[in-house]
Amino acid sequence: MSVQITASEGGIPHDTLMAVGLIGSIVCLYLTYLNGATGTDVFSFFGGLAAVFALIWGTDTIKHLCSYGIGTGVPSAGMIAFGTGVIAMLLATQFDGMYLAPIMAVVIGAIVGFVAGFLANNVMNMNIPVMIRSLTEMAIIGAIVIMGLTAVMAGGFGFDALSVTMVQILGPLEATSYASSLLGGCLIAVAFMLGGIALQHPFNACLGPGEQQDRTLMLAAECGFLSMIVVAAISFAFVSMFAAVISLIVAIAGWYYTYAKYIELSRRDAYAWLNAKPILEPKGEA
Amino acid sequence: MESILLGVGVTALAGALATVAGAAEDTESNIGSQGDPNSQVQLAPQMGYIHRIYNKAVSGEPPAYGLWVTIGAGVAWAFMVTGMNPVLAIVIASALAIFVQGAYATTAYLGRTASLNKFEQPVYIDLLKSVTTVTMAHAFVAVFTTVSMCYLLNAALGHPFPLALLGIVWGIALGAAGSATGNPFYGKERQYQSQKFGAGVPISASGNIVRYAEAGQRSSLDNGWFTGKLGGPASGVCFGLIVFLELWRTVLFEEIAGGWGAIIAGVLIILVFMIIDRYVEVWARKNYGPYVKAEEATA
């Protein structure tokens, strides 16, 4: 899809959004550790909220990067963010025992993203001024989103939580199973695709001369909650019924609110809002 | 012998499912104006052509279908782990995937159209209601059949990949088959070129999409009728053949030479197709050739 990219000016500055997204998502990821502290898994839904924070920040990053006229690059930007992010996320799960996984996801994501951006700009000679910074941000975002969605599914993001599940055999007997765990079922692929499309969609869907920042960011939140609905449905296989239902309710409520708001904002920005009316020819000279 | 017979049967069934999936996928994306016609639909209001065509740009078709099928496969897998009947799990998971698809489709149409307010392109709510539901129905057929096919590979043929991974691989393949095979059959003449057949796409005609149908104003639903004739079946045959040949060579030749048999068969199939492609290309060039100067032009 090669369409002209036009980004709006003004609105909340990118640095502010980055600060809010980074701090908000890390705080939410740390809140999922309440699961371990309280011995339940009802706090898994904070992972989904972390993903929403990160996606709002990421949408603005993509807008900055793509305002340099990378025609078909908007969907690809989502993919590279998650391709680099998944490496950082999986490495960071090794630091879960020290409660460092969210911080390490940011650090490793920054390193991987910087390398990808450096290669794109200096080796492939793309020479886009914001490329290195944007790819660094997007790798961090990818790592945080996958980590957040994983936390919703599995109730945590330690390597054990991802790779081992207890399966009941013959009633009271339990056995460990690797095949039916989150990694064994390759559900990271679901988190990858959910995040990758959710990250690129808001700007890709709203681009044009009438793009408005508040509407685009509202769509980013909507995509985040929509992704959360799916992972909440998957979480029925891994966490307790109660925790899964809470995640699902939070996701559906958040999705409904943001979707309704987004339609309202679209109605505000649209030239006209017509139902079963014929084609209106423009009043101008055309 | 029995396992080979079962394998061949499963292969045929998977190929049939894939054929249906390909046809539904291409019809869905053409009704929604996803894929390459999308840029002309987006451009049209800027050139002064206000239209009633759906403009759904979630992303390219391969990543978008990668997402829908992966959701279907992942959720179905999770439901089956909890002990749900596989058929029910696949149906519910596909329905959830289509809910996500519908949400993405409506936000894409509203977002892009609202951003074109400067060019006086209105949002048509009746389009949003009628076209979205039709694309969702087609997408359900495509996702359900593809996830069922992945489940067959896993459960009946013992493919080592977990369901979600098969979903991402075959979802992207499905989107690619529909995008590469189906779109050339329809978009150029039917949707975004209000020009005579074979006129090419002159730059001056950019954005001059077909806005009026034989009877009244055209909406994207008409694309379904047109795609159903050629583009959909072609995509179906393409994706069905990909799945069938891929499984067939594995089922029949895997036992030969310690697994190398299947690889050799795969290389042979590629060679056969390269020869056919070359023959068709040469035949088409000879018969339709480059444009020649009209004789009257020199007079």
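## Met126(A), between two helices

Let's start in a loop. Met126(A) sits between helix H5 (101–123) and H6 of chain A, in a model that is predicted. With a relative accessible area of 38%, Met126(A) is partly exposed. Setting aside residues within four places in sequence, Met126(A) is in contact with Ala120(A), Asn121(A) and Met131(A).

A second residue gives a feel for distances in chain A. Met126(A) and Ala161(A) are separated by 35 residues in sequence, and their C-alpha atoms lie 40 Å apart in space.

## Ile144(A), in helix H6

Moving on into helix H6 of chain A, we meet Ile144(A). Is Ile144(A) buried or exposed? Its relative accessibility is 0%, so Ile144(A) counts as buried.

The contacts of Ile144(A), not counting residues up to four places away in sequence, are Leu22(A), Ser25(A), Leu29(A), Ala50(A), Ala54(A), Trp57(A) and Val106(A). As for Leu248(A), this residue is 104 positions from Ile144(A) in sequence, with 20 Å between the two C-alpha atoms.

## The largest nonpolar core

Now for the wider picture. The largest nonpolar core has 151 residues, and those touching the most other members are Leu187(A), Ile234(A), Trp68(B) and Tyr104(B). Which helix gives the most to this core? The answer is helix H6 (residues 131–154) of chain A, with 15 residues. As a general background, nonpolar side chains in soluble globular proteins tend to be buried together.

Tyr104(B) deserves a closer look. Beyond its neighbours within four places in sequence, Tyr104(B) is in contact with residues of chain A, namely Leu194(A), Ile197(A), Ala198(A), His201(A), Cys223(A), Leu226(A) and Ser227(A). In chain B, Tyr104(B) is in contact with Val58(B), Leu67(B) and Trp68(B).

## Cysteines without disulfides

How many disulfides does a search of the whole structure find? Over all chains, the number is zero. Take Cys223(A), one of the contacts of Tyr104(B). The closest cysteine sulfur to that of Cys223(A) belongs to Cys206(A) and is 8.9 Å away, which is too far for a bond, because a disulfide needs the two sulfur atoms within 2.5 Å. Cys238(B) is in no disulfide either, as the nearest cysteine sulfur, in Cys150(B), is 16 Å away.

What about the surroundings of these two cysteines? Cys223(A) counts as buried, at 0% relative accessibility, whereas Cys238(B) is partly exposed, with a relative accessible area of 23%.

Methods. Residues numbered from 1 in each chain as written. Chains lettered and ligands numbered in written order. Predicted model: local features only at pLDDT ≥ 70, side-chain atom pairs only at ≥ 80, totals over all residues. Heavy atoms only, no water. Buried < 20%, exposed > 50% of the residue type's maximum accessible area, 1.4 Å probe, protein only. Core = buried A, V, L, I, M, F, W, Y, C linked by side-chain atoms within 4.5 Å. Helix = DSSP H or I, 4+ residues; strand = E, 2+ residues; numbered from the N terminus. Contact = heavy atoms within 4.5 Å.
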